[in-house]
Amino acid sequence: MEPILIFGHRNPDTDSICSAISLARLKELKGESAQACRLGNISKETEFVLKSFNIDAPKLLSTVSAQISDLTRVEKKTINHKDSLKRALEIMTEENFSSLPVVNSKNHLRGMIHVSDIANAYLNIDYSELFSKYYTTYENLKDVLEGEVISGEYPSGKIEASLKGVSEYRNIAAGDIVITTTLLDSIDDLIDLGVNMIILCCDKDDVILPRDSKTPILRVNKSLFKTIPLISQSVSILSIMNHEKFYSFSTDDYLIDIKDIMKESTQTNFPVVDKNGEVYGTIRTKNLINFTRKNVVLVDHNEAAQSVAGLKDAKIIQVVDHHKFGNFETNEPVKINAETVGCTCTIIYGLYKEAGIVPPKEIAGLMLSAILSDTLLFKSPTCTEKDIQVVKELAAISGIENYEAFGMDMLIAGTSLSDKTPEEILTMDQKEFSMNGVKLAISQVNTVDVKGVLDQQVSLEKAMAETNAKNDYQLSVLVITDIVKAGSMLLVVGEPMLVERGFHTTLTNNTAWVDGVVSRKKQVVPFLMAASQGV
């Protein structure tokens with residue numbers, strides 16, 4: 001069974017990563033299969049936390065779009081390159097296919113065979129050169145003719161003899177395969193000539209005595225006129241397979257990427273190959289309708305714009321979040337765990353207690369770290385008494401006695417931005433919003449050196465302007481939060497009215513200091529939202 005995928009928002013912060021890991025561990029402890037994921041690179045702060053508790057970073061997840069491996073129906077029929085034309089036609093008729101993927105003995109894709117290829121082969125076959133010009137096997141011949149070996153030792157493998165009719169008696173040589181009937185008393189003469197094999201056409205009631213000879217006699221209960229055309233159907237697929245280019249896909253390919261290819265191609269069946277190079281099956285356009293949706297859990301976010309690509313193809317089974325809900329829609333009922341607390345991990349710890357499970361020491365450390373990060377050591381207005389109480393309980397479980405000192409070390413570890421490009425600074429923790437028709441982005445970084453960040457102001461403004469143009473934002477705001485002074489410097493590019501009206505300030509050189517503002521959720525977004533509505 002595929003694991004439940006648990007992930008936070010894009011440009012993940014410490015809460016997003018620690019929430020995903022902690023909830024995945026809880027589900028595993030409850031006997032469920034779950035995997036923590038991330039939607040972007042981890043920050044220095046988060047890296048510090050993971051190293052502190054010897055936890056690996058979650059798997060990077062780029063999309064949950066449906067893949068070929070998620071399809072509920074994939075045609076599994078293939079044809080081996082040594083199989084006969086008759087076998088190919090039987091499968092095509094049974095499955096209503098016009099083509100089939102051709103595989104070798106290792107089930108690796110060799111090509112495609114079409115009904116038209118078989119029809120053209122029938123029209124052009126020269127029976128006198130059948131076995132010399134086309135590849136076939138004794139096994140195929142016996143199967144196609146539904147023959148019974150009544151005498152001698154029937155050979156195996158590739159047929160390399162010439163096909164002759166008994167009427168060509170004067171031209172028959174040792175090693176030939178001869179087709180004859182019971183009307184002609186020629187069996188013993190052919191054996192004496194040293195022929196390779198005798199195909200004997202007769203009625204089902206005819207009595208044919210076996211010969212004391214190694215020369216095989218293949219009895220076929222059909223007339224000569226029916227037998228000869230059947231022999232051509234013993235030709236192996238590889239003899240007539242053309243080498244025209246065709247489309248094939250991988251089990252990991254996303255449906256959204258292959259739909260247009262399938263729609264525009266004249267090809268009707270498309271082979272699919274797995275990661276081992278073996279043919280997984282074939283798909284047709286109609287197969288793309290039904291697929292198994294990946295089960296996902298969203299933590300620390302609930303809006304599609306902040307989530308993974310392809311979310312509409314997935315099944316959201318749970319949301320654990322401490323943010324407002326906006327434009328959140330699902331096709332099916334979903335379990336929601338939401339509280340007005342400062343951190344998602346506060347909610348997840350409550351889920352541990354609800355399940356009667358004490359989190360492992362390292363998981364307790366992760367959740368403690370996330371709460372200290374999101375509440376800025378309890379200085380953020382989003383912090384609640386519950387967050388503080390949970391940190392105390394988690395500190396006891398994790399063995400971190402001085403959690404204030406640990407939290408400050410964590411924040412300081414994450415505030416060095418000297419090695420970050422302007423683009424990286426903007427996208428470390430960036431979220432998109434729409435406020436009364438105004439589309440904007442708000443980024444936030446925590447630091448102990450606001451001046452050091454503003455030394456890159458020209459480059460930051462250029463990057464913000466490019467972001468605005470690329471995403472049709474009317475405004476970009478970078479909130480540079482000083483974790484010691486408990487305030488923020490706002491750097492604004494775009495229409496400044498919302499910021500100036502929302503914070504009752506005037507920008508100077510595109511910047512303004514706002515004392516006491518440390519929370520984007522409670523102290524930036526609400527004021528800008530109110531300003532957009534003229535409040």
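In this predicted model, the axes of α11 and α12 cross at roughly 145 degrees and come within 9 Å. Helix α11 also packs with α1, at an angle of about 10 degrees. The structure further holds an open sheet of five strands, an open sheet of three strands, and a largest pocket with about 830 Å³ of space.

**Helix packing around α11**

- On the α11 side, the contact with α12 is made by Cys-345, Thr-346, Ile-348, Tyr-349 and Tyr-352, which meet Ile-363, Met-367, Ala-370 and Ile-371 in α12.
- By class, the residues of this α11 and α12 contact are eight nonpolar and one polar, with no charged residue.
- Helix α1, residues 14-29, packs with α11, residues 344-354, at an angle of about 10 degrees, and the two axes are 9 Å apart.
- That angle makes α1 roughly parallel to α11.
- The α1 side of this contact consists of Asp-15, Cys-18, Ser-19, Ser-22, Leu-23, Arg-25, Leu-26 and Leu-29, while α11 contributes Thr-344, Cys-345, Ile-348, Leu-351 and Tyr-352.
- The contact of α1 with α11 divides into eight nonpolar, three polar and two charged residues.
- Cys-345, Ile-348 and Tyr-352 of α11 take part in the contact with α1 and also in the contact with α12.

**The five-stranded sheet**

- The strand order of this open sheet is β18-β19-β20-β21-β22, and the pairing is mixed.
- Strands β18 (430-435) and β22 (511-515) each have a single partner strand and stand at the edges, so one side of each is left without a neighbour in the sheet.
- From one strand to the next, the twist averages 25 degrees.
- Strand β21, residues 487-494, runs antiparallel to β22 and is joined to β22 by five bridges.
- Within this part of the sheet, Ser-488 is found opposite Val-514 of β22.
- Helix α17 (residues 457-471) lies across β18, β19 (438-447), β20 (475-482), β21 and β22, and runs at about 55 degrees to β21.
- Helix α19 (residues 520-532) also packs on the sheet, where α19 touches β18, β19 and β20.
- The direction of α19 makes about 25 degrees with that of β18.

**The three-stranded sheet**

- This open sheet has the order β4-β5-β6, with mixed pairing.
- Its edges are β4 (79-80) and β6 (109-114), each with a single partner strand, so one side of each is left without a neighbour in the sheet.
- Two bridges pair β4 with β5 (residues 99-103) in the parallel sense.
- Ile-79 stands opposite Val-102 in β5.
- Helix α3 (residues 85-95) packs on this sheet and touches β4, β5 and β6, with a direction at about 135 degrees to that of β5.

**Pockets**

- The largest pocket holds about 830 Å³ of space.
- Its lining comprises 43 residues, and those nearest the pocket centre are Asp-13, Asp-374, Asp-429, Gln-444 and Arg-520.
- At least two lining residues come from each of α12 (361-374), β18, β19 and α19.
- Helix α19 supplies the largest share of this lining, five residues.
- The lining of the largest pocket has eleven nonpolar, 19 polar and 13 charged residues.
- The second largest pocket has a volume of about 490 Å³.
- This second pocket is lined by 22 residues, with Glu-2, Leu-5, Gln-67, Asp-70 and Lys-294 closest to its centre.
- Its lining divides into seven nonpolar, nine polar and six charged residues.

**Internal cavity**

- One cavity of 30 Å³ or more is found in a search of the whole structure.
- About 40 Å³ of space lies in the largest cavity.
- Its lining is formed by Leu-376, Leu-377, Lys-379, Met-408, Leu-411, Asp-482, Ile-483, Ala-486 and Val-518.
- By class, this lining has seven nonpolar and two charged residues, and no polar residue.

Notes. Residues are numbered from 1 along each chain as its sequence is written. This is a predicted model: local features need pLDDT of at least 70, side-chain atom pairs count only at pLDDT 80 or more; totals for chains, interfaces and linings use all residues. Side-chain values use heavy atoms; hydrogens and water are left out. Axes are lines fitted to C-alpha atoms, for helices over the stretch in contact, and angles run from 0 to 180 degrees between N-to-C directions. Helices (H or I, at least four residues) and strands (E, at least two) are DSSP runs, numbered from the N terminus. Angles under 35 degrees count as roughly parallel, over 145 as roughly antiparallel, 65 to 115 as roughly perpendicular and the rest as oblique. Contact means heavy atoms within 4.5 Å. Ala, Val, Leu, Ile, Met, Phe, Trp, Tyr, Cys and Pro count as nonpolar, Asp, Glu, Lys and Arg as charged, and the others, Gly among them, as polar. Two strands pair if DSSP finds at least two bridges between them. On a 1 Å grid over the protein atoms alone, a cavity is a set of points where a 1.4 Å probe fits but cannot get out, and a pocket is an open set with protein on both sides within 12 Å along at least five of seven lines; lining residues have an atom within 4 Å of a point. Grid points are joined across faces, edges and corners, and a volume is the space filled by probe spheres set on the points.
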